[in-house]
Amino acid sequence: MSGKIKKALGLLLLILLMAAVFLGIAVMTVSNHVVSVEKDRIVQVLDSDDAGTSKKADKKIRSLDPDCVLILGAGIKDSETPSPMLKDRLDAGLKLYQDGLVPKILISGDNGTVEHNEIHVMLKYLEKHGVPSQDIFCDHAGFCTSDSVHRAKKIFGVRKMVIATQEYHLYRALYLSEKTGIKALGVASNQRKYAGQPMREIREVSARNKDFINVLLKKDSSVGGTEIPISGDGTVSHGE
């Protein structure tokens, strides 16, 4: 290999390395921006499944006067059992409802197949814990966080809401809400250590960047449907 070719390859490798460093810095800058602008809208991080929100958090939530709590899907163990992460989200939203801080519960998740129907599991869990069916609204097309937030406004007419999910995920959900025109606060349901969490944290950095770009491009949810006002009767949204 000639000296000129070696120099050219060396220069190419240097350029690629610099590009990778620049891309890494850009990706982390966007992720940190999303966290920074939304952190103050997380009113409380719950540390156990029986913990309620503090008086300070209650005051902020009551001041918001939310239409509902949005509980985002997070996988199921089987046709009757939520994953540990989803159970904690459900318990956080359930506590908000039981304490009278939200009048309705909107559950949003993936029911793309008979074998994986998050909505069915979430609905049955809430009903089992005493929530009247008419106060539970089901979004069967919440295939991603962005879809869930856009559909909360477009399909269910939500103007103000509390979001119940784990803290690492909450920043992006709140960011999307703000950009969609929904006033939102967050309650983080960090009630245990979750298997595989380091990998989720890495994927979330990528997801924040993806949704940041989608917001710049004004990309909306492509999944439509009949409007179901959150102020009405949730049973019409339950389906089969």
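This is a guided tour of a predicted model, moving from the central strands to the cores, the pocket and a few single residues.

**Strand S2 and its neighbours**

Begin by selecting strand S2, residues 68-72. Five of the five residues of S2 are buried, so this strand is largely enclosed by the rest of the structure. If you show the side chains, you will find that Cys68, Leu70 and Leu72 point one way from S2, while Val69 and Ile71 point the other way. Add strand S7, residues 160-165, which runs parallel to S2 and is joined to S2 by four bridges; here isoleucine 71 stands opposite alanine 164. Then add strand S5, residues 105-108, which also runs parallel to S2 and is joined to it by four bridges. On the S5 side, the bridge partner of isoleucine 71 is isoleucine 107.

**The nonpolar cores**

Stay with isoleucine 107 and display its surroundings: leaving aside residues up to four places away in sequence, isoleucine 107 touches Ile71, Ile119, Met122, Leu123, Leu126, Ile136, Phe137, Cys138 and Asp139. Isoleucine 107 is one of the residues with the most contacts inside the largest nonpolar core, a set of 31 residues in which Ile61, Val69, Ile71, Leu96, Ile105 and Leu126 are also listed in that group. To see which elements build this core, colour helix H2 (55-64), helix H3 (84-98), helix H4 (118-128), strand S6 (136-139) and strand S8 (183-188) along with S2, S5 and S7, since each of these supplies at least two of the core residues. Apart from that core lies another one, of 27 residues, which you can locate by selecting Leu106, Ile155, Tyr171 and Ile182 among its members.

**Helix H5**

Next, select helix H5, residues 145-154. Eight of the ten residues of H5 are buried, so this helix is largely enclosed by the rest of the structure. The buried residues are Thr145, Ser146, Asp147, Ser148, Val149, His150, Arg151 and Ala152, and they pack against S2, S5, S6, S7, H6 and H7.

**The largest pocket**

Now turn on a surface and look for the largest pocket, which holds about 470 Å³ of space. Of the 22 residues that line this pocket, Gly73, Cys144, Thr145, His169 and Arg172 are the closest to its centre, and selecting them will bring you to the right place. H3, H5, helix H6 (167-180) and helix H7 (197-216) each supply at least two lining residues, and H7 gives the largest share, with five. Coloured by class, the lining shows seven nonpolar, seven polar and eight charged residues.

**Two charged residues to compare**

Return to helix H3 and select aspartate 88, which lies within this helix. Is aspartate 88 buried or exposed? Aspartate 88 has a relative accessible area of 0% and is therefore buried, the cut-off for that term being under 20%. Not counting residues up to four places away in sequence, aspartate 88 touches Gln166, Ser189, Gln191, Arg192 and Tyr194.

Finally, move to lysine 193, in the loop between S8 and H7. Lysine 193 has a relative accessible area of 84% and is therefore exposed, a term that requires a value over 50%. To end the tour, draw a C-alpha to C-alpha distance from lysine 193 to proline 84: the two residues are 109 residues apart in sequence and 9.5 Å apart in space.

How values were computed: Residues numbered from 1 in each chain as written. Predicted model: local features only at pLDDT ≥ 70, side-chain atom pairs only at ≥ 80, totals over all residues. Heavy atoms only, no water. Core = buried A, V, L, I, M, F, W, Y, C linked by side-chain atoms within 4.5 Å. Buried < 20%, exposed > 50% of the residue type's maximum accessible area, 1.4 Å probe, protein only. Contact = heavy atoms within 4.5 Å. 1 Å grid on protein atoms, 1.4 Å probe; cavity = no way out; pocket = protein on both sides within 12 Å on 5 of 7 lines; lining within 4 Å. Points joined across faces, edges and corners; volume = space filled by probe spheres on them. Nonpolar A, V, L, I, M, F, W, Y, C, P; charged D, E, K, R; others polar. Pairing = 2+ DSSP bridges.
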